[in-house]
Amino acid sequence: MLKNINKIALAALALAATACTADYENINSNPYEPGDLTADDYALGSQLNNVASCVMSSDVNTLQFTDALLGGPLGGYFSDANAGFAESFARYNPKNDWSRVFLKSDRIIPTLYANLGQIENVSASTGNPVPLAIANIIKVAAMSRITDCYGPIPYSAIGTSSDLAVPYDSQEDIYDSFFAELTEAADILADNLGNPLSANCDYVYYGEPSKWILLANSLKLRLAMRISFVAPEKSRKMAEEAVAGGVIENNADNATWKYFTSITNPLYTAVNYNNSGSTTGGDTHAAADIICYMNGYNDPRRAVYFLPSNFSGTEYVGLRRGWETFDREWGFNFSGVNVGPSDPLIWMTASEVAFLRAEGVAIHHYDMGGSAEEFYNAGIRLSFEQWGVSGAESYLADEASRPQAYIDPTGLNPYNGAISNITVKWEEGATAERKLERIITQKWIALFYNGNEAWAEYRRTGYPHLIPVAYNGSGGIVDSNIGPQRMAYPQEEYTNNSVNVTEAVNTLLKGPDNMATKVWWARY
């Protein structure tokens, strides 16, 4: 149980609606305002939305760092496009002000746990366990992103003191807690299907417990597959339990945070910072990697994912990640990210779940309730349906197309190497390794916008093959052909939580505190 949580950074209860990278420390916080609620529901709606904002933040400043500048580039989706970003995630030399955001002492974790404490009080006072069960599912979604970024982090001891300087947990122990918490939450909701929340309290599933059970099990499946190469028996048990309990299978059940009506989707704002009137975006553009794959496959989702480039005769052209040279005048000719101001933030989809099941069958021989080919094809069809584009059947039948070689129209950040020869059509007789590459490549394309998940899967499997960054500023620490495996702990941890972070590095991390040390579940 959470204890004394109200003492933790109560100022974090209200999240920022707008901010910008250049003014990171000056945050103007505004409360959420769910409408048409009783006083009690209003409070609960605010608390649940504060918790939901800890997955992908509604605060533009936070989300720009975690998703537009960290997960997006390291996952192969985005390239930052600002000449002032000489020290960045994409160039493997981020400043502490950048790399600390997931663990910053007034950001995600304090906001999450302060609101969890409030929701626990609501559930206790009303005798209704549904709000806390939902909040705990969201907690796992949020905290899994954080541990996958750093490895060992504080987890089990958070909330037992007003002080956030608490011991770290191993990533294996954290994952065990995740599985237990998701299972417990799903069981509680299954026993309370007749106790929905007010729809205005919940901008994901509008208070419907049965939908949250699907997400709990789908997250359990995602995390089970994450550990498949390091803890195969545990992975099998959790994955099969998840599927047996019911997972997301239809786009109508996708987990998306539909909060952006009165305020703007923060990713839209972040990618357009400093666009100076450009039609293709500002601080963030589409990466060469994702566009090369999709150009090669003539993928009809390109028009939904990207804004056309301004280069004559070339519709979609990505900017090479970790550029060595960048100039605004030519840089803004590259394709942009086609996200809208009222689009929801995407947490998990039926397409991703189908690809998880395909891998479970094809690579690990788990009982996922069908064949690998069926799930692989379903993943592609569901993604096409999700984005409202046609042509899935001809795409699935393509056994010739391969990723396109990268050509930089400016000639300033070229890459002459091959990317991959993987094709689209399923090959039942292929080797396990080729099946894995095919599944993860198509899953990666379908996961667009969810860069942190793409980065995690890249570190876990080695796929898809990405274009090495043009400039590696790590001083030889990070291998350009592999990329960063984690973020180093913030400098503030060594000041404010020195004993615990030092213990974590010495006993839990299994390597130096830098970007090259692999997290527990990494395969490569």
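Which helices are included in what covers the buried residues of H16? This note takes up that point after a few words on the model and on the helix itself.

1. The model is predicted, and the remarks that follow should be read with that in mind. Helix H16, residues 432-446, has 15 residues and reaches 21 Å from its first C-alpha to its last, which is close to the 21 Å expected at 1.5 Å a residue.

2. H16 is mostly covered, in that twelve of its 15 residues are buried. The buried residues include charged and polar names such as Lys 435, Glu 437, Arg 438, Gln 442 and Lys 443, and among them are also Leu 436, Ile 439, Ile 440, Trp 444 and Ile 445. As for the opening question, what covers the buried residues of H16 includes helix H10 (288-296), helix H11 (302-305) and helix H13 (350-362), together with helix H14 (372-386), helix H15 (392-396) and helix H17 (451-461).

3. The largest nonpolar core has 170 residues, and of these Met 143, Trp 212, Leu 215 and Trp 347 touch the most other members. The largest share of this core comes from helix H5 (residues 130-150), which contributes 14 residues.

4. Aromatic rings deserve a separate look, since the structure holds 36 aromatic pairs. One of them joins Phe 65 and Trp 98, an edge-to-face pair with 5.5 Å centre to centre and 70° between the planes. Because Phe 65 lies in helix H2 (residues 60-74) and Trp 98 in helix H3 (residues 96-99), the pair ties together parts that are 33 residues apart in sequence. Both Phe 65 and Trp 98 are buried.

5. Another pair is formed by Trp 257 and Phe 260, whose ring centres are 5.5 Å apart and whose planes stand at 80°, so this pair is edge-to-face as well. Trp 257 counts as buried because its relative accessibility is 0%, and Phe 260 is likewise buried, with a relative accessible area of 2%.

6. Two arginines lie over aromatic faces. Arg 459 lies over the face of Trp 455, at 3.6 Å from the ring centre, while Arg 523 lies over the face of Phe 229, at 4.6 Å from the ring centre.

7. Ser 79 belongs to strand S3, residues 78-80, and is buried, with a relative accessible area of 0%. The side chain of Ser 79 reaches the backbone oxygen of Arg 320 at 3.3 Å. Leaving aside residues up to four places away in sequence, Ser 79 touches Asp 283, Thr 284, His 285, Ala 286 and Ala 287, and also Leu 319, Arg 320, Arg 321 and Trp 323.

8. Some backbone details in loops may merit inspection. The peptide bond from Tyr 463 to Pro 464 is cis, with omega near 0°, and Pro 464 is placed in the loop between H17 and helix H18 (491-496).

9. A positive phi in a residue other than glycine is found at Ser 276, where the value is near 50°. Ser 276 lies in the loop between helix H9 (266-272) and strand S5 (284-286), and is exposed, with a relative accessible area of 62%. His 365, also a residue other than glycine, has a positive phi near 65°. This histidine, His 365, sits in the loop between H13 and H14, and it counts as exposed because its relative accessible area of 59% is over 50%.

Terms used:
Residues are numbered from 1 along each chain as its sequence is written. Side-chain values use heavy atoms; hydrogens and water are left out. Helices (H or I, at least four residues) and strands (E, at least two) are DSSP runs, numbered from the N terminus. Buried means under 20% relative accessible area, exposed over 50%, partly exposed in between (1.4 Å probe, protein chains only). A polar contact is a pair of N or O atoms within 3.5 Å; within protein, one must be able to donate a hydrogen and the other to accept it, and residues adjacent in sequence count only if both atoms are side-chain atoms. Contact means heavy atoms within 4.5 Å. Rings of Phe, Tyr and Trp (its six-membered ring) pair if their centres lie within 6.5 Å; planes under 30 degrees apart count as stacked, over 60 as edge-to-face and the rest as tilted. A charge sits over a ring if NZ of Lys or CZ of Arg is within 6 Å of the ring centre and within 35 degrees of the ring normal. The expected span of a helix is 1.5 Å times one less than its number of residues. A nonpolar core is a set of buried Ala, Val, Leu, Ile, Met, Phe, Trp, Tyr and Cys residues joined through side-chain atoms within 4.5 Å.
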